[in-house]
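Student: Can we walk through this model together, one question at a time?
Tutor: Sure, pull it up and fire away.

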Amino acid sequence: MEFISHFLRATSRRTAALGPILQRNRSEIIQKQYRSSCSTMDTTVHSAGIDETHLVPMSVIQRPIPSVLDEQKVQSLMETIKNETSEDEVPPIDLLWISGSEGGDYYFSFGGCHRFEAYKRLQRPTIKAKLVKSTLGDLYHYMGSSAPKYLA
């Protein structure tokens, strides 16, 4: 696992591309950013090369695929999130971050459905996330012809 994580971090196109763009365009949307250690608990294949974790407003996140939830898991996460000392144990979600061709930024979430639902039920204004700089082509892989046309 360590070999794969090292390989992904070293070759990730996202790490180099995200920094300057994030500083220039995200300041009005993302309230706070902080460094996160890339442990196996908060690293996915998509975000293995991304160290920065952000607090992203729940209101800007689009979840185009309905979630199938395990109620016990959501309740457990809610209890963990409510406790200030254990909230940091909840890993960030991954967000596909796409810049529209005519401006605007779009944030899509396809995983982390239990974490997202727990934060939503607790009426939290933000959620911890790793921003995965993506393209419209990446979005088509998830959604096919159902991908929104307004991004093109």
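Student: Which residues touch the most other members in the largest nonpolar core?
Tutor: Quick background: this is a predicted model, where local features need pLDDT of at least 70, side-chain atom pairs count only at pLDDT 80 or more, and totals for chains, interfaces and linings use all residues. Residues are numbered from 1 along each chain as its sequence is written, and side-chain values use heavy atoms, with hydrogens and water left out. A nonpolar core is a set of buried Ala, Val, Leu, Ile, Met, Phe, Trp, Tyr and Cys residues joined through side-chain atoms within 4.5 Å, with buried meaning under 20% relative accessible area for a 1.4 Å probe, protein chains only. The largest such core has 18 residues, and those touching the most other members are I61, I93, L95 and I127.

Student: Which element gives the most to this core?
Tutor: Helices (H or I, at least four residues) and strands (E, at least two) are DSSP runs, numbered from the N terminus. At least two core residues come from each of α3 (71-82), β4 (93-99), α4 (113-121) and β6 (126-133). With four residues, the top contributor is α3.

Student: What does I61 touch, leaving out residues up to four places away in sequence?
Tutor: Contact here means heavy atoms within 4.5 Å. By that rule, I61 touches V56, I93, L95, Y107, S109, F116 and I127.

Student: How do α3 and α4 pack: roughly parallel, roughly perpendicular or oblique?
Tutor: Axes are lines fitted to C-alpha atoms over the stretch in contact, and angles run from 0 to 180 degrees between N-to-C directions. For α3 and α4 the angle is about 60 degrees, with the axes 9 Å apart. Under 35 degrees counts as roughly parallel, over 145 as roughly antiparallel, 65 to 115 as roughly perpendicular and the rest as oblique. So α3 is, relative to α4, oblique.

Student: Which residues of α4 make that contact?
Tutor: On the α3 side you have E71, K73, V74, Q75, L77, M78 and I81. Facing them from α4 are H114, R115, E117, A118, Y119 and R121.

Student: What do the buried residues of α4 pack against?
Tutor: The buried ones in α4 are C113, H114, F116, E117, A118 and Y119. Their packing partners are β3 (61-62), α3, β4 and β6.

Student: How many of the 152 residues count as buried, in percent?
Tutor: The chain has five helices and six strands, in the order α-α-β-β-β-α-β-β-α-β-α. Over the whole protein chain, the buried share is 41%.

How values were computed:
Buried < 20%, exposed > 50% of the residue type's maximum accessible area, 1.4 Å probe, protein only.
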